[in-house]
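Please open the model in your viewer and keep the selection panel at hand. The stops below go from one selection to the next, and each says what to look for there.

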Amino acid sequence: AAAAGLTALLASCGGGTPVVAFQPTRILAFGDENSVITADAHKYTVNALVADTNGVKTIACASNPLWTQRLASSYGLVFPQCKPDAVANPASRIYAANGAKVADLVTQVDQHLAADTFSDKDLVTLFVGQNDILEQYALYPNTPSDQLLTAAFTAGAVLAGQVSRIADAGGKVLVSTAPELALTPFARAEDTAAGDTTRSALLTALVAKFNEGLRVGISKLNGSQVAIMLSNELMQTMYKFPASYGGMSNVIDKACDATLAPAVLQCTTDTLVTGATSTTHLWADAIHLSPNGHAYLGALASNRTRTNPF
C-alpha cells in the first residue's frame, strides 16, 4: 500500500521513478533433492496422501509443499510435476536432482542454456551444497580437516560463479546458503558414535566454509540481480525456538519411520513414528527437512524475493 501511494504521489508530481514490484513469469529451480518433485509427484520429505471414494490413497502433491512450491505459489505459479488445478503448460521448470552437488548444478545450468535463455522475468532458485559437504565429511579422518575445509570453500566459490553466470545472462537469482547439517539427526548419531561432539563441530565448520566461499564470491554482485537466502540461520533459529514455528515440538528426531519407509522418498503421512505429524518435527529423515521446515523456508524465500530490489 505504501509503495502504491508513493507511486501515485510521484506520478502526480510529474517526477521520480515508480517502483514496480517484481513479478516472475516462471521459476527455474536448480540444485539438489530439496527442490525436487519427481515425475510421480513424490518429494524428499513427508509426502501427503489423499484417499479416493474407495479408500485408495495416493500422493497429494500440492499438500506438504516444498519450499520452492510455496515460493511459486506466492507468485501464482506451479511446476509441471504438480499442477492439481490442471494448469495448462506451466512455464516453471525443475532442473534439481537427487544427490546433486555444485558440479551437477553447473551441468543443470548448461542443460538449460542449451535449449533456453534467462530473462529478467525468470526467478532462478539455487539450493545446493549439503551433498558436497557430506561428501567431504565422509573423507574424515583419513583426510585432514583443513583439506576438507578448503574443498568446502572451493565448492561455495564455484556456486557463486554460477550465480554470476545466471545474473550476467539476465536471470534474477535467489541463492540459498548451505543448510546447517550439524543440527540434523545424522549429526547427532555421528556424535553418539564418536562419543563426543567433534563430528557435529566439523559439520558446522564445513557448512561455514562453504557459505563463506559463496558469500565472498557474490559480494560484489548487484542486489538488482541477486538475493541470498540464509537457510542455515533459519534452521538455527527453528532449532532454538521450535514452538515459534507452527508449534513444532521435536527438532531432534526423524519424523519418518525407517522401518515403514527405508528411504525418505517413500515417507508419507502413513509411515511416521508414533506421535509425529508433518508439523511436529523439524526433520523428515536424518538430513532432510519436514514439511514444516519447508513451510518456513518457503516463507523466507518469498520474503527475500519481495524485499530484494529486483
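How many salt bridges does the count come to? The count comes to eight salt bridges, where a salt bridge is a side-chain nitrogen of Lys or Arg within 4 Å of a carboxyl oxygen of Asp or Glu. Before selecting any of them, please note that this is a predicted model, in which local features need pLDDT of at least 70 and side-chain atom pairs count only at pLDDT 80 or more, while totals for chains, interfaces and linings use all residues. Residues are numbered from 1 along each chain as its sequence is written, and side-chain values use heavy atoms, with hydrogens and water left out.

**The whole chain**

Begin with everything shown as a cartoon, where you will find nine helices and nine strands; helices (H or I, at least four residues) and strands (E, at least two) are DSSP runs, numbered from the N terminus. Along the principal axes, the C-alpha atoms fill a box of roughly 70 × 60 × 40 Å. The radius of gyration, taken over C-alpha atoms, is 20 Å, which agrees with the value near 19 Å that a compact globule of 310 residues would have, the globule rule being 2.2 Å times the number of residues to the power 0.38. Of the 310 residues, 49% count as buried, a word that here stands for under 20% relative accessible area, with exposed meaning over 50% and partly exposed in between (1.4 Å probe, protein chains only).

**The open sheet**

Next, select strands β4, β1, β5, β6 and β7, which form an open sheet in that order with parallel pairing; two strands pair if DSSP finds at least two bridges between them. β4 (93–94) and β7 stand at the edges with a single partner strand each, so one side of each is left without a neighbour in the sheet. Then narrow the selection to β6 (residues 172–176) and β7, which run parallel and are joined by four bridges, and look for Ser176, whose bridge partner in β7 is Met229.

**The nonpolar cores**

Now show side chains around Trp67, Leu71, Leu123 and Leu174, the residues with the most contacts inside the largest nonpolar core, which has 45 residues. A nonpolar core is a set of buried Ala, Val, Leu, Ile, Met, Phe, Trp, Tyr and Cys residues joined through side-chain atoms within 4.5 Å. Several elements each supply at least two residues of this core, including β1 (26–31), α2 (67–74), β5 (122–127) and α9 (291–307). If you centre on Leu123, its contacts (heavy atoms within 4.5 Å), not counting residues up to four places away in sequence, include Phe22, Ile27, Leu71, Leu174 and Phe310. Apart from this core lies another, of 37 residues, with Tyr95, Leu159, Ala160 and Ala178 among them.

**Three salt bridges**

Which residue forms a salt bridge with Asp122? Select Arg26, whose closest N and O atoms to those of Asp122 are 2.5 Å apart. This pair links distant parts of the chain, with Asp122 in strand β5 and Arg26 in strand β1, 96 residues apart, and both residues are buried. Add Asp116 to the selection, and you have the three residues Arg26, Asp116 and Asp122, which are linked in a network of salt bridges.

Move on to Asp270 and Lys57, a salt bridge whose closest N and O atoms are 2.8 Å apart. Asp270 lies in the loop between β8 (250–254) and β9 and Lys57 in strand β3 (residues 57–59), so the pair ties together parts that are 213 residues apart in sequence. Asp270 is partly exposed, with a relative accessible area of 44%, and Lys57 is partly exposed at 46%.

The next pair is Arg165 and Asp110, with their closest N and O atoms 2.5 Å apart. Arg165 is in helix α5 (residues 145–168) and Asp110 in helix α3 (residues 102–115), so this salt bridge ties together parts 55 residues apart in sequence.

**Helix α4**

Finish by selecting helix α4 (residues 130–137), where Gln136 has its place. Is Gln136 buried or exposed? At 15% relative accessibility, Gln136 counts as buried, and leaving aside its neighbours within four places in sequence, Gln136 is in contact with Leu148 and Ala151. Seven of the eight residues of α4 are buried, so this helix is largely enclosed by the rest of the structure. To see what surrounds the helix, show α3, α5, α6 (185–194) and α7 (198–218), against which the buried residues of α4 pack.
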